[in-house]
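Hi,

Here is the structure I promised to pass on. Have a look at it first, and then read my notes below.

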Amino acid sequence: MHSYALNTTSQSLLRDLGVVPANVLRRAGLADDLMQQPSVRLATQDYYRLWHGIEDEMQDALLPIRFCEVVRAESFSPPLFAALCSPNLIVAAQRIARYKALVAPIRLDVLEQGDTTTVEFTWLDAPLAPPVSLVVMELLFCVTLVRMGTREAIRPLGVSTTVLPSPLAPYEAFLGAGMKRGASHAVTFSTVDARRPFLTSNEQLWAAFEPELRQRLSDLDMPVTTARRVRAALLEGLPSGLVSMEAIGRKLAMSKRTLQRRVEAEGTSYQQILNETREALARHYLEKTALPAAEIAFLLGFDEPNSFYRAFRSWTGTTPERIRQEG
């Protein structure tokens, strides 16, 4: 089973849809720090759970259309960037086919047959089935893409999918074409339209950026450690006293036992991560601000200043005042 990089524009897209990301994550049963993590990848089942969370939060039968309406060319997404730098839809779809693995369990095939060109979507990781609205969104977005690139109201010749959306009429109006039930997920264009020049084409920019996309593909096998996630959660939660393993575990959607097992497998402990995070923050506050030690103690989640003083001496062998003087 593969994993897929969470789109870096996910938070802004959700907000443009009028959705609070935290509510979506809660509905999906995913960690509430998910979209703050520096390099997030989702297993297929979690990828689908996230989309179901968006469905449940929005309660909108036209979600795929809404999504296509809010996506902007300036929103950075590797596959979208790769596509819009392309000279036309055919090249764009071929590039997306290569880099789609960054962000979705989908394979793309581009089939040129004389006067028609078909972009076919195959959903991977069976037997897991994608949400119907997600499938429809991908089909609609293929049309949105060619419209963004050409700045013309391109209409496909037809769209097929295994389960039609309901109500159907708004989708056909959006496409300017009919949708039919079929054995595959595909969008067919006239080859004239598929070869219509993209005004957004920029081969020099593409040549400069493509190596980074290749690196992103290779980075998919690099793990985001639990220790890094714990540090990020602590940085956010320390001022409110969120320092217990139970509290951080809840924030990361895992049990205390699971959290402890994972950080120990990474050669550290929860207490060590907490101490290192507190010490680094304490040094920052002492060297870069004029905050009194009592306030720093509060910001680090200590109940009273004396606890902070004792802890600081155990970490550093000296006092907060000495560090401030030396800084």
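**What I found**

One salt bridge to start with: Asp109 pairs with Arg107, and their closest N and O atoms are 3.1 Å apart. Keep in mind that this is a predicted model. Asp109 is partly exposed, with a relative accessible area of 26%, and Arg107 is partly exposed too, at 40%.

Now the overall picture. The protein has 17 helices and 7 strands. It contains 327 residues, and 48% of them are buried. About 15,800 Å² is exposed, with carbon and sulfur atoms supplying 51% of that area. If you take the contacts with a separation of 6 or more, 66% of them are between residues 24 or more positions apart.

**The sheet**

Try tracing the sheet next. It is an open one, built from 5 strands in the order 3-4-7-5-6, with mixed pairing. Which strands stand at the edges? They are strand 3 (106-113) and strand 6 (179-181); each has a single partner strand, so one side of each is left without a neighbour in the sheet. On average, neighbouring strands here are turned by 20 degrees against each other, direction ignored.

Strand 3 and strand 4 (residues 116-123) are a good pair to zoom in on. They run antiparallel and are joined by 8 bridges. As a reminder from class, strands of a sheet pair through backbone hydrogen bonds, either parallel or antiparallel. You can check the register yourself: Arg107, the residue from the salt bridge above, has Thr122 in strand 4 as its bridge partner, while Ile106 stands opposite Trp123 in strand 4. The two strands form a hairpin with 2 residues between them, and Gly114 there takes a positive phi near 65 degrees.

Two helices are worth viewing together with the sheet. Helix 6 (residues 89-99) packs on it and touches strand 3, strand 4 and strand 7 (185-190); the direction of helix 6 makes about 150 degrees with that of strand 3. Helix 7 (residues 132-150) lies across strand 3, strand 4, strand 5 (158-161) and strand 7, and runs at about 20 degrees to strand 7.

**The cores**

In soluble globular proteins, nonpolar side chains tend to be buried together. In this model the largest nonpolar core has 64 residues, and the ones touching the most other members are Leu50, Phe121, Leu140, Leu145, Leu175, Val187 and Phe189. Which element gives the largest share of this core? That is helix 7, with 12 residues. Click on Leu145 to see how it sits: leaving aside neighbours within four places in sequence, Leu145 is in contact with Leu80, Ala83, Leu84, Leu89, Ala92, Ile96 and Phe198. Apart from this core lies another one, of 30 residues, including Met254, Ile273, Phe308 and Trp315.

**More salt bridges**

The count of salt bridges comes to 13. One of them joins Glu57 to Arg27, with the closest N and O atoms 2.5 Å apart. This pair links distant parts of the chain: Glu57 is in helix 3 (residues 44-58), Arg27 is in helix 2 (residues 21-28), and the two are 30 residues apart. Both count as partly exposed, because Glu57 has a relative accessible area of 24% and Arg27 one of 49%, and partly exposed covers what lies between the 20% and 50% cut-offs.

Another salt bridge is formed by Arg310 and Glu304, whose closest N and O atoms are 3.8 Å apart. Arg310 is exposed, at 55% relative accessible area, whereas Glu304 is partly exposed, at 30%. There is also a network of salt bridges that links Glu152, Asp193 and Arg196.

**One residue in a loop**

Last, find Thr318 in the loop between helix 16 (305-316) and helix 17 (320-326). Is Thr318 buried or exposed? Its relative accessible area is 16%, so Thr318 counts as buried, the limit being under 20%. Not counting residues up to four places away in sequence, Thr318 touches Phe312, Arg313 and Ile323.

Cheers

Technical notes
Residues are numbered from 1 along each chain as its sequence is written. This is a predicted model: local features need pLDDT of at least 70, side-chain atom pairs count only at pLDDT 80 or more; totals for chains, interfaces and linings use all residues. Side-chain values use heavy atoms; hydrogens and water are left out. A salt bridge is a side-chain nitrogen of Lys or Arg within 4 Å of a carboxyl oxygen of Asp or Glu. Helices (H or I, at least four residues) and strands (E, at least two) are DSSP runs, numbered from the N terminus. Buried means under 20% relative accessible area, exposed over 50%, partly exposed in between (1.4 Å probe, protein chains only). Two strands pair if DSSP finds at least two bridges between them. Axes are lines fitted to C-alpha atoms, for helices over the stretch in contact, and angles run from 0 to 180 degrees between N-to-C directions. Contact means heavy atoms within 4.5 Å. Accessible areas come from the Shrake-Rupley method with a 1.4 Å probe; for residues, only the protein chains shown count as cover. A nonpolar core is a set of buried Ala, Val, Leu, Ile, Met, Phe, Trp, Tyr and Cys residues joined through side-chain atoms within 4.5 Å.
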